[in-house]
Amino acid sequence: MIKIAPSILSADFANLQRDIQRISSADYVHVDVMDGVFVPNISIGIPVVKCLRPTTGLPLDVHLMITQPMRYVDQFCDAGADLVTVHVESDTRENLLEALRKIRAKGKKPGVVLKPATPAEAAEPFLELVDIILVMTVEPGFGGQKFMADMMPKVQALRTLIDAKKPGCELEVDGGVDLNTCRTCVEAGANVLVAGSAVYGAENIPERIQNLRNCMG
Ligand code: DX5
Ligand code: ZN
């Protein structure tokens, strides 16, 4: 089954509770955390995740775009994150392994994220420890960017790897996913679609979520 994870980066930050209720038919709430160092933007952090937790029953899919995420993963887990993904480019392999172990020790689902220039093989050292791999289909930092179709071979390669070595691991794509691009992502092997502007820009949000989920017709 295809899962839809609307990104609240495209929500109205003055009305986050309302905008999270508007996506109640989705599968995950995708929360983009940016530190202004790993990416050239600053978004939201631990206190916001904590306040959002009681507003929804959906799992919170927290995408950490921060340097040395090991420093903060415990706090994000305690704030109520259910899935926590860390970028493979954000620290040393050792520190990232420790971050993933900390997330697991909190009873949450750890994952790794690959920027567009990062090859599929970069996920391999972490495969054993993760429940989700996220492939960026834009440069991280901003919503509303153009989908990078040239990431699809990477998604295919990771799908092959997951099927061979870690069945059950989720494969998520993030950036520029809309009604025109969702099908190619699923065909390449993704099973979780993040969508910010495509969801929050819709007249009818539940219908848009359903249409994205049904992208294979
Ligand atoms: C970008 C974020 C994405 C972003 C997606 O750094 O990781 O989650 O919100 O937005 P859209 O779907 O508008 O490309
Ligand atoms: Zn994201």
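**Close-up views of a predicted model**

**View 1. Cysteines without partners.** A search of the whole structure turns up 0 disulfides. Keep in mind while looking around that this is a predicted model. C51 takes part in no disulfide, and the nearest cysteine sulfur, belonging to C77, is 17 Å away. With a relative accessibility of 57%, C51 counts as exposed. C169 is in no disulfide either; for this residue the nearest cysteine sulfur is that of C185, 17 Å away. Is C169 buried or exposed? Its relative accessible area is 6%, so C169 is buried.

**View 2. The zinc ion and its protein donors.** Here we meet the zinc ion (ligand 2), whose protein donors are H30 through NE2, D32 through OD, H63 through ND1 and D174 through OD. These donors lie 2.0 to 2.3 Å from the zinc ion. To find them along the chain, follow the spacing H-x1-D-x30-H-x110-D. Two of these residues, H30 and D32, are both buried.

**View 3. The geometry of the zinc site.** What arrangement do the donor atoms of the zinc ion (ligand 2) form? The site is octahedral, with 6 donor atoms and angles of 70 to 169° among them. As a yardstick, ideal angles for six octahedral donors are 90 or 180 degrees.

**View 4. Ligand 1 and its surroundings.** There are 20 residues around ligand 1, and those that come nearest are D32, G141, D174, G196 and S197. D32 and D174 may look familiar, as they are also among the protein donors of the zinc ion (ligand 2).

**View 5. Polar atoms beside ligand 1.** Zooming in, we can pick out oxygen atoms of ligand 1 beside polar atoms of the protein. The side chain of S7 has an N or O atom 2.8 Å from an oxygen atom of ligand 1. In G144, a backbone N or O atom is 2.8 Å from a ligand 1 oxygen atom. H30, a zinc donor, also has a polar side-chain atom 3.4 Å from an oxygen atom of ligand 1.

**View 6. The nonpolar cores.** Nonpolar side chains tend to be buried together in soluble globular proteins. In this model, the largest nonpolar core contains 66 residues. Within this core, the residues with the most contacts are I8, L64, V112, I133, L158 and L193. Another core, of 6 residues, lies apart from the largest one and includes A5, Y28, V192 and V194.

**View 7. A closer look at L64.** Which residues does L64 touch, leaving aside its neighbours within four places in sequence? L64 is in contact with V33, P69, V73, F76, V84, T85, V86 and H87.

Technical notes. Residues numbered from 1 in each chain as written. Chains lettered and ligands numbered in written order. Predicted model: local features only at pLDDT ≥ 70, side-chain atom pairs only at ≥ 80, totals over all residues. Heavy atoms only, no water. Donors = N, O, S within 2.8 Å, 3.2 Å for Na, K, Ca; no water. Tetrahedral: all angles 85-135°; square planar, octahedral: opposite > 155°, others 65-115°. Buried < 20%, exposed > 50% of the residue type's maximum accessible area, 1.4 Å probe, protein only. Core = buried A, V, L, I, M, F, W, Y, C linked by side-chain atoms within 4.5 Å. Contact = heavy atoms within 4.5 Å. Disulfide = S-S within 2.5 Å. Near = heavy atom within 4 Å. Polar contact = N/O pair within 3.5 Å; in protein donor to acceptor, adjacent residues only side chain to side chain.
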